[in-house]
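Trainee: Could you take a close look at one chain with me, and at the side-chain pairs that go with the fold? I'd like to see how the contacts, charges and rings come together.

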Amino acid sequence: MLKTTLQILHPIACRERRMSPLRFFACFLAVMCISKAVSAEPIADPFERINRVSFAIHQTLDRFAMRPAAIAYRTVTPDFVETRIRNIFANLSLPAAGINAVLQGKPQQTLTITARFLINTTLGIAGMFDVAERFGLMPSYEDTAQTFARAGMPSGPYLFIPLLGPSSPRHLLGRAADQFMSPVSHLQEPRDRNPVIGLNLLQIRADLVEPLDDLTASSTDLYASMRSFYWQNREFEILDGETSIDTLPDVLDLGD
Amino acid sequence: MIMTSSLPPSLFKGFSAILLTTGIAWATILPSAAADGPSAEDYVTKITQDALTILRTHQTDAGREEAFGELIDRTTNMRRIARFTLGPVARSVSDEELARFEKALRNNLVKIYANRLASYTNERVETQGEQKKGRNHLVASKIIFASERPPLDMTWWIIEEKDGSFTLFDIQILGVWMAQEQRDIFTGILKSNNQSIDALIAHLEKQPTSAD
């Protein structure tokens with residue numbers, strides 16, 4: 001779809017040789033907004049052997065460094081403070097979410113995200129408190145990888161990268177764009193930026209202690225479980241959390 | 001596990017929620033009462049009530065496992081779940097092999113999740129309407145947590161059998177179908193073992209018997 005979009009725009013740009021970047025962007029946006037055809041993709045893991053090695057490295061790092069650090073962090077941090085930290089980072093992600101809502105042609109969601117950001121940044125004291133939810137503005141997120149998907153870009157193969165976790169080329173590209181749009185990445189000094197990023201990572205890992213412990217204890221193949229969870233969840237989010245009965249596989253004849 | 005600040009919070013929240021609730025999902029897929037209720041939505045309500053009753057009344061691991069085993073036998077069509085999770089291999093296995101796999105799958109699910117569910121006694125599930133197409137029903141619901149955690153969306157795939165009764169086929173939490181996850185795992189195990197169902201059964205039988 002992205003390729004098609006550019007093919008559509010190319011002749012327009014050629015005809016109007018003086019087309020400004022702003023106009024080109026506006027045209028691109030217009031075409032993007034009508035690109036709604038999104039379909040689920042099956043898991044493609046052609047690099048499974050390499051991915052499993054990466055997964056093993058990641059698990060080792062997690063076992064001896066990340067998980068102990070997360071548990072120590074949780075031990076010394078009151079729940080109230082953890083919630084405030086979660087809220088702050090969720091709020092910081094909203095500028096990128098808002099831009100992606102625009103690119104995906106979702107005006108209502110754009111307004112919701114914008115209003116949430118404005119309210120929580122001000123009344124919510126830099127995002128610490130989710131005041132917007134009390135006004136009926138429920139959390140809503142979009143990311144750049146979802147925008148790419150809605151524009152028709154294929155996900156590419158499944159990838160597992162140590163410290164980064166499950167991903168795909170499309171998702172990696174999207175993450176890079178999201179990172180660029182994050183206010184945190186625009187902190188000039190590494191001594192200011194790195195502790196903030198580190199705190200976010202610590203909070204994220206701390207929130208996953210029990211879930212991952214449970215999954216590790218019960219999964220028949222942890223790598224495959226993680227891959228399935230990641231892939232299905234991403235598809236679900238790209239489809240805006242809609243589950244249609246029309247897309248279910250035919251299983252009726254599999255029973256007794 | 002996913003360690004980057006550039007990931008969207010929704011992914012973290014979703015992933016965490018999925019992992020957190022896998023237990024209760026399978027917990028509630030295991031229970032279910034024989035229900036000739038008027039709708040699939042009523043059936044789901046009954047299932048969740050039965051699940052919580054078991055969790056609250058059986059204090060020992062053995063007791064919970066036995067109760068869940070009985071429920072899964074009564075209310076799910078395990079043959080259908082077994083065939084689905086096997087994927088295309090299901091077409092080439094004998095009836096005897098399929099029966100052994102079905103038993104191993106059932107025992108594996110019961111042992112793992114029945115014990116984990118001990119901590120899920122105060123949650124409740126509220127149904128919120130259903131979609132119907134042919135014999136397939138999708139029932140939307142929310143898990144309401146006793147703690148301050150926000151409610152979580154959950155979808156139940158109920159199948160109307162030819163005799164008119166309902167059976168539970170799968171549960172989806174934040175986009176993740178549990179049976180599909182099992183299928184993804186089994187596909188990999190079969191692939192790395194030359195499509196041997198005996199290897200898959202052995203793999204299931206050697207799995208941990210509880211989430212310690």
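What share of the contacts in chain B with a separation of 6 or more comes from residues 24 or more positions apart?

Mentor: Happy to. Keep in mind that this is a predicted model. The share you ask about is 58%: that is how much of the contacts in chain B with a separation of 6 or more comes from residues 24 or more positions apart.

Let's put that number on the fold. Chain B contains 7 helices and 5 strands. Going along the sequence, the order is α-α-α-α-α-β-β-β-β-β-α-α, with five helices, then five strands, then two helices. Chain B has 212 residues, and 61% of them count as buried. The area that chain B exposes is about 8400 Å², and 48% of that area is supplied by carbon and sulfur atoms.

A pair of rings gives a concrete example of a link across the sequence. Over all chains, the structure holds 12 aromatic pairs. One of them is Y230(A) with W231(A), where the ring centres are 6.4 Å apart and the planes stand at 65°, so the pair is edge-to-face. Y230(A) is buried, and W231(A) is buried as well. In chain B, F84(B) and F169(B) also make an edge-to-face pair, because their planes stand at 75°, with the ring centres 5.4 Å apart. F84(B) belongs to helix α4 (residues 78-86) of chain B and F169(B) to strand β4 (residues 166-173), so this pair ties together parts that are 85 residues apart in sequence. Both F84(B) and F169(B) are buried. F84(B) has a charged partner too: the charged end of R183(B) sits over the ring of F84(B), at 4.8 Å from the ring centre.

Now a charged pair within one helix. The closest N and O atoms of K46(B) and D50(B) are 3.1 Å apart, and the two residues form a salt bridge. They are 4 residues apart in helix α2 (residues 40-57) of chain B, which means a separation of about one helical turn. D50(B) counts as buried, because its relative accessibility is 16% and the cut-off for buried is under 20%. K46(B), with a relative accessible area of 32%, is partly exposed. Chain A offers a wider arrangement of charges: D45(A), E48(A), R52(A), D221(A) and R227(A) are joined into one network by salt bridges that share partners.

Chain A makes a good companion for the rest of the charge story. Over all chains, the count of salt bridges is 27. One of them is between D130(A) and R116(A), with N to O at 3.2 Å. R116(A) is in helix α6 (107-122) of chain A, while D130(A) is in the loop between α6 and α7 (131-134), 14 residues away. D130(A) counts as partly exposed at 21% relative accessibility, whereas R116(A) counts as buried at 4%. In another salt bridge, the side chains of R150(A) and D240(A) meet at 3.5 Å, N to O. R150(A) lies in helix α8 (residues 144-150) and D240(A) in the segment after α12 (222-238) of chain A, so the parts tied together are 90 residues apart in sequence. R150(A) counts as buried at 10% relative accessibility, and D240(A) is partly exposed at 34%.

Since R116(A) is in α6(A), that helix is worth a moment. The 16 residues of α6(A) should span 22 Å at 1.5 Å a residue, and the end C-alpha atoms are 23 Å apart, which agrees. The buried residues in α6(A) include Q109(A), T110(A), T112(A), I113(A) and R116(A). Their cover includes α4 (79-92), α5 (94-103) and α7 of chain A. Helix α10 (residues 190-207) of chain A passes the span check too: its 18 residues should span 26 Å, and its end C-alpha atoms are 26 Å apart, which agrees. Buried residues in α10(A) include I197(A), N200(A) and I204(A).

Two last items on rings in chain A. F55(A), Y158(A), F160(A), Y223(A), Y230(A) and W231(A) form one aromatic cluster. Elsewhere, the charged end of R84(A) sits over the ring of F80(A), 4.4 Å from its centre.

Technical notes
Residues are numbered from 1 along each chain as its sequence is written. Chains are lettered from A and ligands numbered from 1 in the order in which they are written. This is a predicted model: local features need pLDDT of at least 70, side-chain atom pairs count only at pLDDT 80 or more; totals for chains, interfaces and linings use all residues. Side-chain values use heavy atoms; hydrogens and water are left out. Buried means under 20% relative accessible area, exposed over 50%, partly exposed in between (1.4 Å probe, protein chains only). Contact means heavy atoms within 4.5 Å. Accessible areas come from the Shrake-Rupley method with a 1.4 Å probe; for residues, only the protein chains shown count as cover. A salt bridge is a side-chain nitrogen of Lys or Arg within 4 Å of a carboxyl oxygen of Asp or Glu. Rings of Phe, Tyr and Trp (its six-membered ring) pair if their centres lie within 6.5 Å; planes under 30 degrees apart count as stacked, over 60 as edge-to-face and the rest as tilted. A charge sits over a ring if NZ of Lys or CZ of Arg is within 6 Å of the ring centre and within 35 degrees of the ring normal. The expected span of a helix is 1.5 Å times one less than its number of residues.
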